[in-house]
Amino acid sequence: MTGVSEGAGISRPPTAVPPGERGATRIADRVVAKIASQAAREAAGELPAEATPPHATVIVRHDTARVRVHLELGYPADIGARCRAVRRHVTERVGALVGFDVPEVAVQVERLYPPASATAQGRTR
């Protein structure tokens with residue numbers, strides 16, 4: 001009969017690595033920009049059929065994201081309220097999904113579209 005050597009066949013759980021030594025996860029700026037673009041689409045509400053979907057550009061530094069969102073909106077509308085809704089939703093979604101602080105969301109309205117009936121009638125003076 002052979003003896004079992006001490007420790008053979010016994011697996012030990014790995015020792016816990018302290019959080020500061022685990023490494024880091026880097027999230028690319030373009031990923032954050034896609035999240036911000038989707039959040040802007042969700043918050044912008046119904047857009048005119050000819051409008052391009054909202055898109056975003058992002059600068060990330062040290063877990064902080066500065067976002068610029070480009071929108072095209074229908075007119076007449078409460079532009080200020082829609083921009084506030086976009087800013088708030090983008091801040092919430094980027095913070096929740098990525099964990100970044102979002103101190104700045106600049107909303108740039110690129111184009112306003114009049115109602116379809118106004119463009120069909122033409123201009124009147």
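A pocket here is an open set of grid points with protein on both sides within 12 Å along at least five of seven lines, and its lining residues have an atom within 4 Å of a point. I note at the start that the model is predicted.

**Entry 1, pocket.** I looked up which residues line the largest pocket. They are Thr25, Arg26, Ile27, Val60, Arg61, His62, Asp63, Val98 and Phe100. I then took the volume of the largest pocket, which is about 160 Å³. By class, I found the lining to divide into four nonpolar, two polar and three charged residues.

**Entry 2, core.** Next I went to the largest nonpolar core, which has 25 residues. Those that touch the most other members are Val32, Ala65, Val67, Val69, Val86, Val90 and Val94. I listed the elements that give two or more residues to this core: helix 1, strand 1 (55-61), strand 2, helix 2 (79-98) and strand 3 (101-113). Which element gives the most to this core? It is helix 1, with eight residues. As background, nonpolar side chains in soluble globular proteins tend to be buried together.

I followed Val94 separately. Setting aside neighbours within four places in sequence, I found Val94 in contact with Val32, Ile35, Ala36, Gly99, Phe100 and Val102. Phe100 also appears among the residues that line the largest pocket.

**Entry 3, Ser37 and Arg41.** Both residues sit in helix 1, Ser37 and Arg41; the helix spans residues 29-44. Is Ser37 buried or exposed? Its relative accessibility is 8%, so I count Ser37 as buried. A polar atom of the Ser37 side chain lies 2.9 Å from the backbone nitrogen of Ala56. Not counting residues up to four places away in sequence, Ser37 touches Pro54, His55 and Ala56.

Arg41 has 37% relative accessibility and therefore counts as partly exposed. With the same sequence exclusion of up to four places, Arg41 touches Pro53 and Pro54. I also checked His55, 14 residues from Arg41 along the chain: their C-alpha atoms are separated by 8.3 Å.

**Entry 4, His70.** I located His70 in strand 2, residues 64-74. At 13% relative accessibility, below the 20% limit, His70 counts as buried. With which side chain does the side chain of His70 make a polar contact? The partner is Glu110, and the distance is 2.8 Å. Leaving out residues up to four places away in sequence, I found that His70 touches Pro54, His55, Thr57, Gln108 and Glu110. Pro54 and His55 are also on the contact list of Ser37.

Methods. Residues numbered from 1 in each chain as written. Predicted model: local features only at pLDDT ≥ 70, side-chain atom pairs only at ≥ 80, totals over all residues. Heavy atoms only, no water. 1 Å grid on protein atoms, 1.4 Å probe; cavity = no way out; pocket = protein on both sides within 12 Å on 5 of 7 lines; lining within 4 Å. Points joined across faces, edges and corners; volume = space filled by probe spheres on them. Nonpolar A, V, L, I, M, F, W, Y, C, P; charged D, E, K, R; others polar. Buried < 20%, exposed > 50% of the residue type's maximum accessible area, 1.4 Å probe, protein only. Contact = heavy atoms within 4.5 Å. Polar contact = N/O pair within 3.5 Å; in protein donor to acceptor, adjacent residues only side chain to side chain. Core = buried A, V, L, I, M, F, W, Y, C linked by side-chain atoms within 4.5 Å.
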